[in-house]
Protein chains: 2
Amino acid sequence: MSKKNITIKTIAQELGISISTVSRALKNNPRIGADTRQKVIQMAERVNYVPNPIALNLQRSRTNMLGLVVPTLEEEFFSHIVSGVERIASENGFHLIINQSRDSMQTEREIIRAYIASKVDGIMVSVAADTSDYSHFVKVQSLGIPLVFYDRIPRNFPSHKVRSEILQGAIEAINFLFRQDKRKIALLNGPSNLQVSDERLNGYLEAVKTLGLSTSPQYIKTTDLSRQDTHLKMEEFIRMGEHRPDAVVCFNDYVALHAIKACIEHGVVPNRDISFVSFANIGIGEFIENKPLASVEQYPVKLGTESVRLLLEDIRTGGNTKFREIIVETSLVIHPN
Amino acid sequence: MSKKNITIKTIAQELGISISTVSRALKNNPRIGADTRQKVIQMAERVNYVPNPIALNLQRSRTNMLGLVVPTLEEEFFSHIVSGVERIASENGFHLIINQSRDSMQTEREIIRAYIASKVDGIMVSVAADTSDYSHFVKVQSLGIPLVFYDRIPRNFPSHKVRSEILQGAIEAINFLFRQDKRKIALLNGPSNLQVSDERLNGYLEAVKTLGLSTSPQYIKTTDLSRQDTHLKMEEFIRMGEHRPDAVVCFNDYVALHAIKACIEHGVVPNRDISFVSFANIGIGEFIENKPLASVEQYPVKLGTESVRLLLEDIRTGGNTKFREIIVETSLVIHPN
DNA sequence: AAATTCAATGCAAACCTTTGCACAAAACTA
DNA sequence: TAGTTTTGTGCAAAGGTTTGCATTGAATTT
């Protein structure tokens with residue numbers, strides 16, 4: 001095909017003009033005469049010139065790359081977020097580079113280090129489950145690299161943030177159960193070190209208070225998200241006799257499904273004896289028989305698009321945008337059947 | 001923090017030596033005296049020098065970036081592939097940049113164009129459903145950029161390829177049904193423009209022949225993967241009266257689930273009146289009641305890791321590796337319950 | 001006709017690193 | 001002592017592009 005590397009120099013030599021003239025002609029610089037510009041453009045076409053972005057990167061010391069740290073790609077919730085991010089990044093001409101922390105702070109730090117070394121233009125992070133030290137993020141900020149946290153947001157760390165409106169979702173879920181004449185509503189929450197667990201709890205407490213429902217510490221349990229622990233905690237609810245809850249709000253769909261399984265094993269009919277609602281970290285398949293009555297949909301794709309939009313804006317303003325927190329709506333989706 | 005941009009030049013000036021000496025000292029070039037090397041390294045430490053990878057890229061005209069084109073991230077099968085790719089790419093110090101073609105050839109072409117322009121070191125592609133023209137791939141190859149196709153592989157296009165052992169899986173699936181005393185086994189296949197459909201068909205034909213089963217063109221149908229079409233085709237099977245198949249091999253889990261739904265609607269008991277097996281493009285959740293008896297697992301993560309390993313090898317050998325086709329094992333997973 | 005302005009283009013630096021070649025001084029060999 | 005090797009370092013080019021400044025020739029003004 002083409003001989004070697006075709007650069008503006010090639011064009012310049014071919015036309016017997018200077019490199020800078022070619023560069024300017026190609027960029028429609030008004031200082032270049034119309035006829036010269038014509039010739040340059042035609043020649044560029046003819047020799048199939050494409051600008052070398054690496055040289056440009058060096059010049060501008062920008063890379064057009066965005067780094068995305070995700071705990072895992074093997075969970076639907078996160079891969080949908082990534083999908084949203086990819087779309088917007090693409091549309092804006094940015095390359096998206098993706099890495100999984102696999103919920104290890106150590107890995108997370110290394111990824112961030114690599115991003116810094118590679119001079120990405122911006123970074124988005126959902127922190128690993130065991131991230132307790134934030135010095136790597138401090139470093140990112142001190143270098144002036146735009147940074148956005150999404151979904152899993154570190155506590156008390158000033159930065160751009162994008163998260164779901166969990167609290168309102170929890171309230172909506174409980175109102176729904178209330179309308180179904182449920183009065184003894186329990187919460188089967190996630191690990192308390194997650195901020196998203198806090199929000200569920202706060203929503204629960206607020207709704208219970210507003211609706212004048214009775215509750216007790218026994219109605220609030222947490223699971224470490226393992227099947228075993230969820231079973232265990234659900235069994236505790238079931239064994240509460242006359243105080244047994246008539247509805248349980250679960251941390252997410254998986255927890256709900258496991259809890260429902262526990263019910264069935266104990267002869268408790270789900271959604272009759274005890275009703276379930278949950279938060280959607282997965283889409284509940286249409287093929288599942290015994291599922292929660294409703295889930296609080298979190299729109300992960302939107303979570304992704306909002307995050308990258310915020311990041312891009314920060315990049316555009318040169319990292320001088322004041323820290324913003326974007327809260328993505330949730331809504332209670334009532335499952336058919 | 002640091003003043004401006006710290007380069008080897010900074011170090012050189014600080015130490016009153018030349019740039020090249022600094023460069024060599026940092027790379028442990030033996031031509032540099034031990035004491036000079038010492039001083040340089042210490043100073044680098046002191047001023048917190050990090051090499052600028054962009055300049056390096058320009059120099060070597062390599063970018064350390066791998067491009068991955070995936071039809072969608074919102075399907076578990078593909079996001080698991082990506083997960084595998086990410087792990088290996090990371091381990092080898094490559095950045096992985098990801099784009100979704102969203103099953104549009106047009107988008108696919110643009111992604112490829114961007115990859116070429118950005119000078120990625122290698123490209124992996126699972127082609128879009130409607131990709132009929134391969135000129136963009138020809139271009140990639142003619143530029144000497146290493147290219148690997150995975151899962152969705154263009155027909156008759158010489159290149160590196162990584163795919164699942166579908167044919168063997170199909171045979172295994174049918175043997176399984178045979179052992180369950182099924183003798184009237186049908187195939188509900190995917191779109192015939194997909195190579196993976198061919199392979200299922202060939203496996204089916206081979207197994208049927210080997211086992212001496214009777215079949216007929218009526219036992220072989222294709223669906224466009226839409227729920228409607230799957231329903232329609234399944235209903236045709238159901239209405240075949242005394243010739244009705246007693247087992248159906250489905251293109252993938254989704255198709256199987258839809259087909260099963262069609263059965264239920266028509267009072268046909270799945271896995272009693274008609275048994276189902278399928279190929280796993282999704283993991284069948286433990287929560288689904290009516291599901292195929294077994295699925296041919298395709299190990300998508302492994303598909304990913306194998307693909308990127310092949311790509312990396314090709315990159316290492318400077319794109320001179322002879323075209324290879326890697327076939328990833330499958331295995332029939334019998335669902336509990 | 002001389003002076004001024006303007007349009008069109010070229011030069012060279014800058015972005016940062018690597019590396020072939022050259023050079024100098026020191027050490028060694030004959 | 002003169003010649004050769006070794007050792008340690010510097011110069012400059014290369015990689016591709018952009019851009020401030022300088023230069024040229026032509027057109028306009030006085």
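## Two matching chains and a DNA strand

Chain B superposes on chain A after a rotation of 180° with 0.3 Å of shift along its axis, giving an RMSD of 0.5 Å. The two copies are thus related as by a two-fold rotation axis. Both copies use the same surface, since 100% of the contact residues of chain B recur in chain A. Please keep in mind as you look around that this is a predicted model.

**Where the chains meet**

The contact draws 33 residues from chain A and 33 residues from chain B. On the side of chain B that touches chain A, the elements giving two or more residues are α4, α5 (76-91) and β2 (95-100) of chain B. The largest share of that side comes from α5(B), with seven residues.

**Around DNA strand D**

Turning to the DNA, 27 residues surround strand D. The closest are T7(A), S20(A), N52(A), S20(B) and G33(B). Several helices each supply at least two residues of the surface near DNA strand D: α1 (8-15), α2 (19-26) and α4 (53-60) from chain A, together with α2 (19-26) and α4 (53-60) from chain B.

**Residue classes of the two surfaces**

Here is how the residues of each surface divide by class.

| Surface | Nonpolar | Polar | Charged |
|---|---|---|---|
| Side of chain B that touches chain A | 15 residues | 13 residues | five residues |
| Surface near DNA strand D | eleven residues | twelve residues | four residues |

In chain B, then, α4 is a handy element to follow on screen: α4 of chain B gives two or more residues to the side that touches chain A, and α4 (53-60) of chain B also supplies at least two residues of the surface near DNA strand D.

Conventions: Residues are numbered from 1 along each chain as its sequence is written. Chains are lettered from A and ligands numbered from 1 in the order in which they are written. This is a predicted model: local features need pLDDT of at least 70, side-chain atom pairs count only at pLDDT 80 or more; totals for chains, interfaces and linings use all residues. A residue is near a molecule or strand if its C-beta atom, placed from the backbone, lies within 6 Å of it. Helices (H or I, at least four residues) and strands (E, at least two) are DSSP runs, numbered from the N terminus. Ala, Val, Leu, Ile, Met, Phe, Trp, Tyr, Cys and Pro count as nonpolar, Asp, Glu, Lys and Arg as charged, and the others, Gly among them, as polar. Two residues are in contact if their C-beta atoms, placed from the backbone, lie within 7 Å. Copies are superposed by least squares on the C-alpha atoms of residues with pLDDT of at least 70 in both.
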